[in-house]
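Grab a coffee and open the structure in your viewer. Here are a few exercises, each with a worked solution.

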Amino acid sequence: ISSLQTVLLPLITFQKYRLGVPRHGQRRCPLLFALCLIGLALPLSNVSHAKNDQPIFIGALTESWGPTPPIVGLRDGLLKLGYREDKDFSLGVRFTQGNREALPAAAQDLIDAGAKILFTESNGTAKAAQQTTDQIPIVFAGVEDPVGAGLINSFAKPGGNITGVASLDIHLGPKRLQWFHELVPTLQRVLFLYASHDIYSS
């Protein structure tokens, strides 16, 4: 897995899947999630199908109340690549409905249910999955800075059992302020909405 991560992370970094109509370059994002998972799943798939011809169970972890764009995009991407649901893969989701403290238990529940891969979509869910297992492959999406969050050692040598897709949000913050100032030269105050528990809020 480690050697695969070394290839995937530099090539697939800094894509973001957003709700609504995709912007230029964003249509590939569900496929990027799927490619990450497929790359990790193939070795497991060979073992699993050799034993009992069972689909690979992918466990998705979210703080949301219902299906989210990354999770829907993951499923759609796998289907577009020709993988058959309930034949080649099955997808199980655990929703913690805004309860961050419930994430580790939800991740463990997916593992106990037989998940061969964990898919996460935020810093909190990725961290919870990482703290729950160091054996099962973890694929994250929607993480601003995986190095700063302690999910990987570096982009060149991620290490561990985790890989995924990072966004540019944290790096684009200063640039966006610059654009605001260019659009409104008299701008002096900007209001930002943020989550106090997010490690990047500071």
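**Helices, sheet and core**

Before you start: this is a predicted model, where local features need pLDDT of at least 70 and side-chain atom pairs count only at pLDDT 80 or more, while totals for chains, interfaces and linings use all residues. Residues are numbered from 1 along each chain as its sequence is written, and side-chain values use heavy atoms, leaving out hydrogens and water.

**Exercise 1.** Find which strands helix H4 lies across, then do the same for helix H5.

*Solution.* Start with H4, residues 103-112: it lies across strand E1 (56-62), E2 and strand E3 (117-120), and runs at about 170° to E1. Now take H5, residues 123-132, which lies across E1, E3, E4 and E5, at about 160° to E4. Helices (H or I, at least four residues) and strands (E, at least two) are DSSP runs, numbered from the N terminus. Contact here means heavy atoms within 4.5 Å. The axes are lines fitted to C-alpha atoms, for helices over the stretch in contact, with angles from 0 to 180 degrees between N-to-C directions.

**Exercise 2.** Work out the strand order of the sheet and its edges.

*Solution.* The sheet is open, has 5 strands and reads E2-E1-E3-E4-E5, with parallel pairing. Its edge strands, E2 (89-95) and E5 (162-166), each pair on one side only. Two strands count as paired if DSSP finds at least two bridges between them. Going pair by pair, E1 and E2 share 7 bridges, with Phe57 opposite Ser90 in E2. E1 and E3 share 4 bridges, and Leu61 stands opposite Thr120 in E3. E4 (residues 138-143) pairs with E5 over 4 bridges; the partner of Val143 in E5 is Ala166.

**Exercise 3.** Is E1 buried or exposed?

*Solution.* Take one face of E1: Ile56, Ile58, Ala60 and Thr62 are buried. Flip to the other, and Phe57, Gly59 and Leu61 are buried too. That makes 7 of the 7 residues of E1, so the strand is largely enclosed by the rest of the structure. Buried means under 20% relative accessible area, exposed over 50%, and partly exposed in between (1.4 Å probe, protein chains only).

**Exercise 4.** Track down what feeds the largest nonpolar core.

*Solution.* A nonpolar core is a set of buried Ala, Val, Leu, Ile, Met, Phe, Trp, Tyr and Cys residues joined through side-chain atoms within 4.5 Å. The largest one has 20 residues, and those with the most contacts inside it include Leu61, Leu118 and Phe140. E1, H4, H5 and E4 each supply at least two residues, with H4 giving the most, 5 residues.
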